[in-house]
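Colleague: I've got this one open on my screen and would like to talk through its charges and its surface. Could you take my questions one by one?

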Amino acid sequence: MEFQIDPDRLPSGVTILGEGFVGGKAIGLIFAASAMEFDGERLVSRPELLAFPDSTIVATGYFDTYMEKNALEDTVQAKCDLAVSKMEMAQRFMTATLPAKLVNELRRLLRTEHRPLAVRSSSFLEDNMKHSFAGIYQSFFIPNRGSDSARLEQLETAIKLVYLSTFGDNAREYRLRHRIKWREEKMGVLIQNLIGLEHPDRLYYPLLAGVGFSKNFYPWAPGIDTDAGVVRLVMGLGTRAVGRN
């Protein structure tokens with residue numbers, strides 16, 4: 001059964017900006033957070049031990065507008081035809097303007113949000129049952145410090161970089177391998193406050209981070225039960241737990 005999102009019944013701390021799809025990563029977040037709430041009451045006896053970051057989801061409608069208004073589909077096709085270079089495509093994405101309505105909504109968000117932020121991909125095809133796209137698209141951390149205009153510029157730049165990663169080399173190779181056309185993909189964005197504490201030298205990070213799998217597809221010894229799952233745990237923000245380097 002497909003999980004349906006009721007925009008009038010979102011879990012606490014979740015906001016959706018714009019129209020269209022929220023993307024696979026955001027669907028997973030909403031599903032998990034919704035499972036912890038029922039009629040406004042927590043199902044977990046000690047909710048302080050299990051909490052979700054505040055999450056603002058930029059739906060794919062804004063991505064469609066960004067691509068259309070800046071003629072970026074033509075740019076992507078030109079890159080596929082080798083008529084423009086990868087660097088030229090990146091420059092066009094970064095100098096393009098985000099939809100004015102989205103910029104206004106981001107400005108309102110930053111009036112109350114002063115914590116460091118993670119700006120993450122949440123594409124239409126990401127985290128589905130057929131193709132996970134795990135580690136394919138980009139996420140970015142921004143300090144969210146400085147003047148109001150500087151903070152807005154940080155956030156806009158990060159969103160553009162996530163949009164650009166839709167057509168990066170990793171994504172292109174993954175889609176080719178699975179015979180997916182690039183026009184089938186749409187990118188949503190998930191903006192979340194970072195979990196952690198501020199440390200000396202104004203460094204902000206959690207003590208530990210990681211990723212868990214219900215099944216271990218790469219057992220490194222004969223006696224390992226593949227159905228027991230596996231956890232990859234690292235210190236800090238967790239980029240080493242999910243990165244492909």
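**Surface, charges and odd corners**

Modeller: Sure, and let's start with Leu207, which is exposed, at a relative accessible area of 61%. Keep in mind that this is a predicted model.

Colleague: Where does Leu207 sit, and which nonpolar patch residues go with Leu207?

Modeller: Leu207 is in the loop between β9 (203–205) and β10. On the surface, Leu207 belongs to a nonpolar patch that has about 580 Å² of accessible area together. The other members are Leu208, Val231, Leu233 and Met235.

Colleague: Which element gives the most to that nonpolar patch?

Modeller: The patch includes Val231, Leu233 and Met235. Strand β11 covers residues 230–235. With three residues, the element that gives the most is β11.

Colleague: Now the charges. Which residues gather in the patch of positive charge?

Modeller: One of them is Arg108, which lies in helix α5 (residues 100–112). This patch is on the surface too. The full set is Lys101, Arg107, Arg108 and Arg111.

Colleague: Is Arg108 buried, partly exposed or exposed?

Modeller: Exposed would need over 50% relative accessible area, and buried would need under 20%. Arg108 has 45% relative accessibility, so the label is partly exposed.

Colleague: How many salt bridges are there in total, and how far apart are the closest N and O atoms of Arg115 and Asp54?

Modeller: The count comes to eight salt bridges. Arg115 and Asp54 form a salt bridge. For that pair, the closest N and O atoms are apart by 2.8 Å.

Colleague: What does the pair of Arg115 and Asp54 tie together, and how many residues apart in sequence are those parts?

Modeller: Arg115 is in the loop between α5 and β5 (117–123), while Asp54 is in the loop between β3 (41–42) and β4 (55–58). The pair therefore ties together parts of the chain separated in sequence by 61 residues.

Colleague: Are Arg115 and Asp54 buried, partly exposed or exposed?

Modeller: Arg115 has 33% relative accessibility, which makes it partly exposed. Asp54, with a relative accessible area of 37%, is also partly exposed.

Colleague: What about Asp64: which residue is its salt bridge partner, and how many residues apart in sequence are the parts they tie together?

Modeller: Asp64 forms a salt bridge with Lys186, with the closest N and O atoms 3.1 Å apart. Asp64 is in helix α2 (residues 60–69) and Lys186 in the loop between α7 and β7 (187–193), so the parts tied together are apart in sequence by 122 residues.

Colleague: And the relative accessible area of Asp64 and Lys186?

Modeller: Both fall in the partly exposed class: Asp64 counts as such at 29%, and Lys186 does so at 26%.

Colleague: Which residue meets Asp227 in a salt bridge, and how many residues apart are they?

Modeller: The N to O distance of this salt bridge is 2.6 Å, and the partner is Lys215. Asp227 and Lys215 are both in the loop between β10 (208–213) and β11 (230–235), and they are apart by 12 residues.

Colleague: Which residues do shared salt bridge partners join into one network?

Modeller: We have already met the salt bridge between Arg115 and Asp54. Salt bridges that share partners bring in Glu113 as well. The network is Asp54, Glu113 and Arg115.

Colleague: Arg175 is buried, so what does its side chain reach?

Modeller: Arg175 lies in helix α7 (residues 169–177). A salt bridge needs the atoms within 4 Å. Arg175 has none, as the nearest side chain of opposite charge, Glu185, is 5.0 Å away. What the Arg175 side chain does reach, at 2.8 Å, is the backbone oxygen of Thr166.

Colleague: Lys79 is in helix α3 (residues 72–80). Is Lys79 buried or exposed, and how far apart in space are Lys79 and Phe167?

Modeller: With a relative accessible area of 17%, Lys79 is buried. Lys79 and Phe167 are 88 residues apart in sequence. In space, C-alpha to C-alpha, they are apart by 9.4 Å.

Colleague: Last one: what are the positive phi values of Asp201 and Arg202?

Modeller: Asp201 is in the loop between β8 (197–199) and β9, and so is Arg202. Asp201 is exposed at 71%, and Arg202 is exposed at 56%. Neither is a glycine, yet phi is positive: about 65 degrees for Asp201 and, for Arg202, about 60 degrees.

Methods. Residues are numbered from 1 along each chain as its sequence is written. This is a predicted model: local features need pLDDT of at least 70, side-chain atom pairs count only at pLDDT 80 or more; totals for chains, interfaces and linings use all residues. Side-chain values use heavy atoms; hydrogens and water are left out. Patches are made of residues with over 30% relative accessible area and no salt bridge: like charges are joined within 9 Å, nonpolar side chains (Val, Leu, Ile, Met, Phe, Trp, Tyr) within 5 Å. Accessible areas come from the Shrake-Rupley method with a 1.4 Å probe; for residues, only the protein chains shown count as cover. Lys and Arg count as positive and Asp and Glu as negative; His and the chain ends are not counted. The place of a charge is taken as NZ of Lys, CZ of Arg, CG of Asp or CD of Glu. Helices (H or I, at least four residues) and strands (E, at least two) are DSSP runs, numbered from the N terminus. Buried means under 20% relative accessible area, exposed over 50%, partly exposed in between (1.4 Å probe, protein chains only). A polar contact is a pair of N or O atoms within 3.5 Å; within protein, one must be able to donate a hydrogen and the other to accept it, and residues adjacent in sequence count only if both atoms are side-chain atoms.
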